[in-house]
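Please look through the model shown here with its bound ligand in mind. The questions after it concern the ligand site and two details of the backbone.

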Amino acid sequence: MKKITLALAAVAGLAATGAQAQGYPTRPITMIVPFAAGGPTDVIARIVTDNMSRTLGQQIVIENVAGAGGTTGITRAAQAQADGYTIMMGHMGTHGAAPALYPNLKYDPTKDFAPIGLAAGTPIVIVAKKDFPATDLKGFLDHMKANGEKVNMAHAGVGSVSHSTGIFFNSVIKAKPTMVAYRGTGPALNDLMANTVDFMTDQIVNVAPQIQGGNIKAFAIATRERSPVLPNVPTTKEAGLEGYEVSAWNAVFAPKGTPPDVVKKLSDALMKSLDDENTKKRLLELGGVIPTGAERTPEALQKLVESEVARWTPVLKAAGATAE
Ligand code: MLT
């Protein structure tokens, strides 16, 4: 008798899931952004969810949950009901660097999520306050080496993109600036523009408008080619710095166990958003990189997360980085 009951329950469960997915979404969806409003992760989230909301017929509401380099918000999202009504914008920090920096991380980026898809690639730019006493990367590096911890570097918390790419930068140039943590590089950029913090390595979508406006300095972009939106910013290689080429990425995840039909609806809506002219225009004008078709699938994102955890762990451990 018990076996029949269990079988019936399983069938009922599947039916309910199917029914649930069939009508999904029937109410607004929450997207947790694990950094303060106005930073790169928040900006990318708002750009891609604009068109996604229209496709899904329900508003995707952004909830900023900052702290601990993004791991606070991602932990909350990972533990949410796996029903498709809580999703998250993660990235190379929260789903790549974090395991190396948080020995007691409450989630495993490679196991505890249902990947939805890549949203944007984000080249890293080395930026400084306008009053920084250097006019090019060589002068910046000389100043860094001569002034050590008197120079302060902004970041969005241990394990964030700005922190992990900053740790990598400091290990390549053998400098030890004082690290200043913010709840996101949106607030950090405000202090950079107020000349109250010296520099940071940040995602292009956050800093491009302020570089173009002459409100902060950009010494180099850490990609092989220059960005079309920052044609006058040399690559690190052109500026004489070998060994510092790094790009980040932002991607949409749902909690593990989210029904496959729901994952597919979210993934299809994200892919459609990335083909929408307005979405593409807004991402490209900020220097974002639009993922190719093959890069957009949930399977491709799972592989990216696995490779990024494998890539960043030795880099950060070699740099002696640990969670504060
Ligand atoms: C980071 O990892 O540095 C974050 O993306 C910054 C932010 O989005 O505020």
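The following questions and answers go through this predicted model, beginning with the ligand.

Q: Which residue places a backbone N or O atom 2.6 Å from an oxygen atom of the ligand?
A: Polar contacts here are pairs of N or O atoms within 3.5 Å, and side chains supply two of them, with a polar atom of H91 lying 2.7 Å from a ligand oxygen and a polar side-chain atom of S162 also lying 2.7 Å from a ligand oxygen. The contact in question comes from the backbone, at 2.6 Å from an oxygen atom of the ligand, and the residue is V161.

Q: How much of the accessible area that the ligand has on its own does the protein cover?
A: The space that the ligand takes is the largest cavity. On its own the ligand has 260 Å² of accessible area, and the share of this that the protein covers is 100%.

Q: Which elements give two or more residues to the shell around the ligand?
A: The residues around the ligand include G39, P40, T41, V161 and S162. Two elements give two or more residues to this shell, and they are α2 (40–56) and α6 (161–173).

Q: How many charged residues does the shell around the ligand have?
A: The shell draws at least three residues from domain 1 (28–120 + 249–318) and at least three from domain 2 (124–221). Sorted by class, 4 of the shell residues are nonpolar and 8 are polar, whereas the number of charged residues is none.

Q: Which residue is joined to Y24 by a cis peptide bond?
A: The bond has an omega of about -5°, and the residue that Y24 is joined to lies in the loop between α1 (2–23) and β1 (29–33). That residue is P25.

Q: What is the phi of A68 near?
A: A68 is placed in the loop between β2 (60–64) and α3 (71–78). Its phi is positive although the residue is not glycine, and the value is near 55°.

Technical notes: Residues numbered from 1 in each chain as written. Predicted model: local features only at pLDDT ≥ 70, side-chain atom pairs only at ≥ 80, totals over all residues. Heavy atoms only, no water. Near = heavy atom within 4 Å. Polar contact = N/O pair within 3.5 Å; in protein donor to acceptor, adjacent residues only side chain to side chain. Areas by Shrake-Rupley, 256 points an atom, 1.4 Å probe, with all protein chains shown as cover. 1 Å grid on protein atoms, 1.4 Å probe; cavity = no way out; pocket = protein on both sides within 12 Å on 5 of 7 lines; lining within 4 Å. Sits in = over half its atoms within 2 Å of the grid points. Helix = DSSP H or I, 4+ residues; strand = E, 2+ residues; numbered from the N terminus. Nonpolar A, V, L, I, M, F, W, Y, C, P; charged D, E, K, R; others polar. Domains from an automatic or database assignment.
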